[in-house]
Amino acid sequence: MRISELSRLTNVSPRAIRHYEEKGLLEAERLDNGYRDFGESAVERVRAIQLYIRLGFTTDEIRSLFQCEVATPDDYEYCEEMLSAYENRLRKVEGQIAAMLRLKEMLERQIGLTVAKKQEEQVPV
């Protein structure tokens with residue numbers, strides 16, 4: 001299938017598909033006219049790439065995962081590298097959540113201080 005059809009079936013831009021190919025995440029045959037020809041399995045592959053991207057993996061990390069596994073993220077054999085990658089990513093996410101919670105507390109504090117200052121200015125002396 002041509003890149004435009006793969007794009008339509010996966011709702012992923014042709015530019016992103018070319019990027020995945022350049023990064024070694026996706027393979028295509030070249031036709032005599034120079035067009036890319038993707039196999040039917042490319043649809044599931046692009047969907048897997050998109051899932052891993054939503055999970056926060058970089059294209060380099062995804063390439064490593066694909067060296068271990070060629071199936072979709074929900075349908076695969078156990079692989080130590082994948083477990084390690086998932087656990088590492090979860091630790092990063094937990095760190096980001098903790099940082100965001102600290103930021104939220106700081107913002108709430110600043111809002112409280114600002115509201116208190118506003119109320120002090122409105123009290124007649």
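1. Let me start with T59, a good way into this predicted model. Setting aside residues up to four places away in sequence, T59 touches H19, K23 and L25. T59 has its place in helix 4. Is T59 buried or exposed? With a relative accessible area of 15%, T59 is under the 20% cut-off, so T59 counts as buried.

2. T59 has company in helix 4: the buried residues of this helix are T59, I62, L65 and F66. Around the helix axis they span an arc of only 110°, so they sit on the same side of helix 4. A reminder that may help when you look at the spacing: an α-helix has 3.6 residues a turn, so residues three or four places apart point the same way. As for partners, the buried residues of helix 4 pack against helix 2, helix 3 and helix 5.

3. Two other residues of helix 4 deserve a look, beginning with R63. R63 has a relative accessibility of 29% and therefore counts as partly exposed. Which residues does R63 contact, once its neighbours within four places in sequence are left aside? They are K23, G24 and L25. By contrast with these contacts, R63 and N33 are 28 Å apart, C-alpha to C-alpha, with their positions 30 residues apart in sequence.

4. The other one is D60, also found in helix 4. Its relative accessibility is 39%, so D60 is classed as partly exposed. If you would like a distance to check, the C-alpha atoms of D60 and L26 are separated by 13 Å, and these residues are 34 apart along the chain.

5. Now the pairing of helix 4 with helix 5. Two packed helices are described by the angle between their axes and the distance between the axes. Here the axes of helix 4 and helix 5 come within 9 Å and cross at roughly 150°. An angle over 145 degrees falls in the antiparallel class, so helix 4 runs roughly antiparallel to helix 5. On the helix 4 side the contact is made by E61, L65 and C68, and on the helix 5 side by E81, M82, A85 and K92. Sorted by class, this contact of helix 4 with helix 5 has four nonpolar, no polar and three charged residues. L65 appears here and also among the buried residues of helix 4.

6. Helix 1 and helix 2 give another pairing to examine. Their axes come within 9 Å and cross at roughly 105°, so helix 1 is roughly perpendicular to helix 2. Which residues meet here? I3, L6, S7 and T10 in helix 1 meet P14, I17 and R18 in helix 2. By class, the contact of helix 1 with helix 2 has four nonpolar, two polar and one charged residues.

7. The loop between helix 1 and helix 2 holds N11, a residue I would check by eye. Most residues other than glycine have a negative phi, and most peptide bonds are trans. N11 is not a glycine, and its phi is positive, near 60°. N11 is exposed, with a relative accessible area of 72%. There is a positive phi after helix 2 as well: G24 follows this helix and has a phi near 80°.

8. Helix 2 itself has two faces. Its buried residues are A16, I17, Y20 and E21. They cover an arc of only 145° around the axis, which means they lie on the same side of helix 2. R15 and E22 are exposed on the other side of helix 2. What do the buried residues of helix 2 pack against? Their partners are helix 1, strand 2 (36–37) and helix 3.

9. Finally, the core. The largest nonpolar core has 23 residues, and L6, Y20, L26 and F38 have the most contacts inside it. Helix 1 (3–10), helix 2 (14–22), helix 3 (41–54), helix 4 (59–68) and helix 5 (80–122) each supply at least two residues of this core. Helix 3 gives the largest share, six residues. Y20 is worth selecting in your viewer: not counting residues up to four places away in sequence, Y20 touches V12, L25, L26, V46, I49, Q50 and I53.

Methods: Residues numbered from 1 in each chain as written. Predicted model: local features only at pLDDT ≥ 70, side-chain atom pairs only at ≥ 80, totals over all residues. Heavy atoms only, no water. Core = buried A, V, L, I, M, F, W, Y, C linked by side-chain atoms within 4.5 Å. Buried < 20%, exposed > 50% of the residue type's maximum accessible area, 1.4 Å probe, protein only. Helix = DSSP H or I, 4+ residues; strand = E, 2+ residues; numbered from the N terminus. Contact = heavy atoms within 4.5 Å. Axes fitted to C-alpha atoms, helices over the stretch in contact; angles between N-to-C directions. Parallel < 35°, antiparallel > 145°, perpendicular 65-115°, else oblique. Nonpolar A, V, L, I, M, F, W, Y, C, P; charged D, E, K, R; others polar. Arc of directions from axis to C-beta.
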